[in-house]
Amino acid sequence: MPLGERAGDKSESRYCGVETEFHDDMPQLLAHNVSSGGFDFVVSPLMDPSYRPSLMDRDHGGSGVLPFAGSDLVLSPSHWSSHVVGKISSWIDLDSEDEILRMDSEITLKQEISWASHLSLQACLLPAPKGTSCANYARCVNQILLGLNSMQLWLRIPLLKTDDDSMDVNPTNLVDSWELWNSFRMLCEHHNQLSIALDVFSIPSANSLGRWFGESVRAAIIDTDSFLTNSRGYPCLSKPHQKLITGFFNHSIQIVVSGKPVHSLPKGSRDLAANHNDSNFDGVQGHPLRPYLDYIGYLYQRMDPLPEQERFELGYRDFLQSPLQPLMDNLEAQTYETFEKDAVKYIQYQRAICKALQDRVPEERLSMTSTVLMVVGAGRGPLVRASLQAAEETGRKLKIYAVEKNPNAVVTLHSLVKLEGWENIVTIVSSDMRCWDAPEKADILVSELLGSFGDNELSPECLDGAQRFLKDDGISIPSSYTSFIQPVTASKLYNDVKSHKDLVHFETAYVVKLHNVARLAASQPVFTFTHPNRSTKRSNQRYKKLQFEIPSDTGSAMLHGFAGYFDATLYKDVHLGIEPSTATPNMFSWFAIFFPLRTPVIVHPGSALEVHFWRCCGPTKVWYEWCVTSPCRSPIHNSNGRSHWVGL
């Protein structure tokens, strides 16, 4: 049964498995570990470990029945699929110099995967490569993947501490296991059905560990030897291990308990390992690994519930969306509805407008001054409402022009103005702000034209066009905004883009709620725009070269692309943004943007990562181009906006 209930969490990490020895009575194995033991699934060998094809050929002339763990009929298809992960024989070594062992290994691997596929198992656990050279192993697995149905193959990879202060493993074996995984998956062409089962031996540095959260890790195997003993004699984990397990839960990684029981529990006790009582566990204390499961369940149950915002965003995690084309297309009512629910954003706007009104109209001129405020891109009116609330809060008089090009939104605006009785204050203008001839100039120009990358929804072009009806000393809200990029490992996003099998999708920037990603370095600013723009040589074209330093204790990492963010100054000290270090809390109007790389780049410790970004402008469109020039050279992506652009 699941580890527990956590509000909003429906991920795979609710389920915990157990690694078992070979058993030729699969129903009994499930009854002991699942029905009685409380685990959700078993990771169990499908083949008798003594089997060798070469011996079978010698003893039976090649006609013997393969020694699988029972017929497919001993369990229902749903039980095979839901409760069994096939464990491929651990003796296989496809890169052995012993030809008989190598051939036996290849035959056995293909036989076991074929049987697992016949059983409709959801996954099989492949043994870890025996050495740093694994080309033949990867070749055979890649052949299997090319003909596989939907089954996942989990490659067992040891998680080891490889930095200088490691004392718990043999120094001669301190090989970065990420390198092992990376070699294997590159030989298999980044296949999306090849994933990782991390075998947790020791905990590396935070930066080194962080890489794995951007990879396709499906399971984490925790040996009973990793557990300490609490004051009551029960198994528990160290603080670093607890933090690691919580990280796995948060990234939908399932825990698998492995090994023999190493704790001598107080005889007859019914307390749970975490000193946590639950009637659901009554009567099932007979399983020797039950205390370890109970402790994992305790760690899961003590996690905070998912915040409401995260629950709302669950369905968008790592889901690629094309950015809006707000000038070319009119937004739909549902899109307006989503954005208008973001109360935090409009509170920030209201604060900024309050400060601008107070600066614009001193206390002694309150009764005689009316401020002209223009909302350009008014949508269905949330900024109009925020402006009027700011005027009421500060005691200032307002005259508002609400300019909107979408005729459908204009219908809603008229209804809103009539409903609220704003007819004498608000004038609705159905026009593109770049074409409208204003009857008077504005003191304050307010807009919400920002995209996930700041300028990617053409805020600079729109506000440059509207600037002609702002007074020379007028105020623009926002007054400036800066885009940021950050190098990331994002295996799922890369595979999703790759699945389209064309150039266009690799040269498109996507809006995405980043979740299973590893951020390899701090973000850096790219392009900044200021409004009003008083420059005599006004151009919205930009170019920036950036250099990132990957922390030396990270180890090597795979760069799949760049996460993009923005930070905006609305007015003075009032800001709004999604750049991780300064992000506005509890705001959901913007997800990050993702710029993929056609070919992922391996970044080694100490090597510089040099990146180039361009913002290009043409008569009818604006587009981005990007490339990497160090540690290797990538093609320039999206040259001349051939794959993706934003229409003017």
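In this predicted model, 20 residues of domain 1 are in contact with 20 residues of domain 3. The domain assignment behind these names divides the chain into domain 1 (12–54 + 66–306), domain 2 (333–448) and domain 3 (480–647), and the C-alpha centres of domain 1 and domain 3 lie 36 Å apart.

**The interface of domain 1 and domain 3**

The size of an interface is often given as the accessible area lost when the parts come together. For domain 1 and domain 3 this buried area is about 1500 Å², with 50% of it on carbon and sulfur atoms. On the side of domain 1, the residues that lose the most area to domain 3 are His190, Asn207 and Arg211, which together account for 32% of what that side buries.

Which kinds of residue pair does the rule find across the interface of domain 1 and domain 3? There are nine residue pairs in polar contact, both residues being at pLDDT 80 or more, whereas the number of salt bridges found across the interface is zero. Two elements, helix H6 (177–187) and helix H7 (206–210), each give two or more residues to the side of domain 1 that touches domain 3, and the largest share, five residues, comes from H6. Sorted by type, the residues of this side comprise three nonpolar, 11 polar and six charged ones.

**Salt bridges in the whole structure**

Side chains of opposite charge can pair when their charged atoms come close. Although the interface of domain 1 and domain 3 holds zero salt bridges, a search of the whole structure finds 27. Three of them are listed here.

| Salt bridge | N to O distance | Separation in sequence |
|---|---|---|
| Arg156 and Glu19 | 2.8 Å | 137 residues |
| Glu313 and Lys513 | 3.1 Å | 200 residues |
| Glu461 and Arg615 | 2.9 Å | 154 residues |

In the pair of Glu313 and Lys513, Glu313 belongs to helix H10 (residues 308–313), while Lys513 sits in the loop between strand S17 (510–512) and strand S18 (518–519). Glu313 counts as buried because its relative accessibility is 3%, but Lys513, at 24% relative accessibility, counts as partly exposed. Glu461 and Arg615 meet through their side chains; since Glu461 lies in helix H15 (residues 459–466) and Arg615 in strand S24 (residues 608–617), the pair ties together parts that are 154 residues apart in sequence. Both Glu461 and Arg615 are buried.

**Arg156 and its surroundings**

Arg156 lies in strand S5 (residues 152–159), and its salt-bridge partner Glu19 lies in strand S1 (residues 16–19). Why does Arg156 count as buried? Its relative accessibility is 14%, and buried means under 20%. Glu19 is buried as well.

The side chain of Arg156 makes a polar contact with the side chain of Glu19 at 2.8 Å, and another with the side chain of Asp199 at 2.7 Å. Glu19, Lys87, Arg156 and Asp199 are linked in a network of salt bridges. Leaving out residues up to four places away in sequence, the residues that Arg156 touches also include Leu125, Pro127, Ile221 and Ser258.

**Gln254**

A further buried residue is Gln254, with a relative accessible area of 9%, which lies in strand S10 (residues 254–258). Apart from neighbours within four places in sequence, the contacts of Gln254 include Glu12, Tyr15, Phe41, Trp154 and Arg218.

Conventions: Residues are numbered from 1 along each chain as its sequence is written. This is a predicted model: local features need pLDDT of at least 70, side-chain atom pairs count only at pLDDT 80 or more; totals for chains, interfaces and linings use all residues. Side-chain values use heavy atoms; hydrogens and water are left out. Domain bounds come from an automatic or database domain assignment. Contact means heavy atoms within 4.5 Å. Buried area is the accessible area (1.4 Å probe) that two parts lose on being put together, summed over both. A salt bridge is a side-chain nitrogen of Lys or Arg within 4 Å of a carboxyl oxygen of Asp or Glu. A polar contact is a pair of N or O atoms within 3.5 Å; within protein, one must be able to donate a hydrogen and the other to accept it, and residues adjacent in sequence count only if both atoms are side-chain atoms. Helices (H or I, at least four residues) and strands (E, at least two) are DSSP runs, numbered from the N terminus. Ala, Val, Leu, Ile, Met, Phe, Trp, Tyr, Cys and Pro count as nonpolar, Asp, Glu, Lys and Arg as charged, and the others, Gly among them, as polar. Buried means under 20% relative accessible area, exposed over 50%, partly exposed in between (1.4 Å probe, protein chains only).
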